[in-house]
Amino acid sequence: MDRRQEILEAAAKSFTLFGYKATTMEQVAKIANVGKGTIYTFFANKEILFQEIAMSLVREMKAEADAVLDASASFMDNAHNALMKMLQFREKHLLFAKLIEEEKELRTPAVKQVLLRIETEILSYVAELIQRRINKGEIRECDAELVSYLLLKAYLAFVVDWHELHGDVIPEEKILNLFKETIFRGLILT
């Protein structure tokens, strides 16, 4: 493994354990077993290192979502599967969970900025899925950016927020059926 990758892995570990605010370049250097100066050879500062790790999270999340897409499946099934996969990734990935917790509790500006950038990447991904299906004539002409926002926030509300507020989990099939009968019904051309 190269030094840069070792530093990225060490920083991800430190951010996961301690959060962005409490992580220092000294901690990263110690975990990576390199001198602090070596880190600055690759990354100008902690924020740039953090952004690089956040973008690797996005790449992983997109790869997992891509893995569940099926060219022969409907827009509804692909959108549902991709959104569920991304939200599951968000909930299960410890670094992602730590960042969300830190943003809620400490309102760290760098964390807020990175979480917004991740959300923007997710929205762009979903908007591209929508636009491809518009171009194929499968769904109505619409503002793909706004619909992607609607879908992401609605899925987030039912997959994550519902459980936090009500203590129970809505089964995935029930979520899909709800969206079939509401949002997807309005998008699908018949």
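Where is the kink in α1 centred? It sits on Thr16, and the bend there is about 85°. Keep in mind that everything in these close-ups comes from a predicted model.

**View 1. Helix α1 and its kink.** Helix α1 runs over residues 3-22, and its end C-alpha atoms are only 23 Å apart. A straight helix of 20 residues would span 28 Å, at 1.5 Å a residue. Look for Thr16 to find the centre of the kink of about 85°. At the start of the helix, find Asp2: one of its side-chain oxygens comes to within 3.3 Å of the backbone nitrogen of Arg4.

**View 2. The buried side of α1.** The buried residues of α1 are Ile7, Leu8, Ala10, Ala11, Ser14, Phe15, Gly19 and Tyr20. What do these buried residues pack against? Their partners are α2 (25-32), α3 (36-42), α4 (46-68), α6 (94-106) and α7 (109-135).

**View 3. Ser14 up close.** Ser14 belongs to helix α1. Is Ser14 buried or exposed? Ser14 is buried, and its relative accessible area is 0%. The side chain of Ser14 also makes a polar contact of 3.1 Å with the side chain of Thr23. If you skip residues up to four places away in sequence, Ser14 touches Gly19, Thr23, Gln27, Val28 and Ile31.

**View 4. The largest nonpolar core.** This core has 63 residues, and the ones touching the most other members are Leu49, Ile118, Ile130, Leu151, Tyr155 and Phe184. Helices α1, α2, α4, α5 (75-92), α6, α7, α8 (144-166) and α9 (172-187) each put in at least two residues. Which helix supplies the largest share of the core? That's α7, with 13 residues.

**View 5. The surroundings of Phe184.** Now zoom in on Phe184, one of the core residues that touch the most other members. Set aside its neighbours within four places in sequence, and Phe184 is in contact with Phe75, Met76, Ala79, His80, Leu151, Tyr155 and Phe179. Two of those names, Leu151 and Tyr155, should ring a bell from the core list in the previous view.

**View 6. A salt bridge within α1.** Side chains of opposite charge can pair when their charged atoms come close. How many salt bridges does the structure hold? There are twelve, and here we pick out the one between Arg3 and Glu6, with its closest N and O atoms 3.0 Å apart. Arg3 and Glu6 are three residues apart in helix α1, so about one helical turn separates them. Arg3 is partly exposed, with a relative accessible area of 43%, and Glu6 is partly exposed too, at 25%.

**View 7. A salt bridge from α1 to α4.** Arg4 and Glu52 meet through their side chains in a salt bridge, 3.7 Å from N to O. This pair links distant parts of the chain, with Arg4 in helix α1 and Glu52 in helix α4, 48 residues apart. Arg4 is partly exposed at 29% relative accessible area, and Glu52 is partly exposed at 25%. Add Arg59 to the picture, and you have a network of salt bridges linking Arg4, Glu52 and Arg59.

**View 8. A salt bridge from α7 to α4.** Glu121 and Lys62 form a salt bridge through their side chains, 3.1 Å from N to O. Here too the pair links distant parts of the chain: Glu121 is in helix α7 and Lys62 in helix α4, 59 residues apart. Glu121 is partly exposed, with a relative accessible area of 25%, while Lys62 counts as partly exposed at 23%.

Notes. Residues numbered from 1 in each chain as written. Predicted model: local features only at pLDDT ≥ 70, side-chain atom pairs only at ≥ 80, totals over all residues. Heavy atoms only, no water. Helix = DSSP H or I, 4+ residues; strand = E, 2+ residues; numbered from the N terminus. Expected span 1.5 Å × (residues − 1). Bend = angle between axes of the 7 residues up to and from the residue. Buried < 20%, exposed > 50% of the residue type's maximum accessible area, 1.4 Å probe, protein only. Contact = heavy atoms within 4.5 Å. Polar contact = N/O pair within 3.5 Å; in protein donor to acceptor, adjacent residues only side chain to side chain. Core = buried A, V, L, I, M, F, W, Y, C linked by side-chain atoms within 4.5 Å. Salt bridge = Lys/Arg side-chain N within 4 Å of Asp/Glu carboxyl O.
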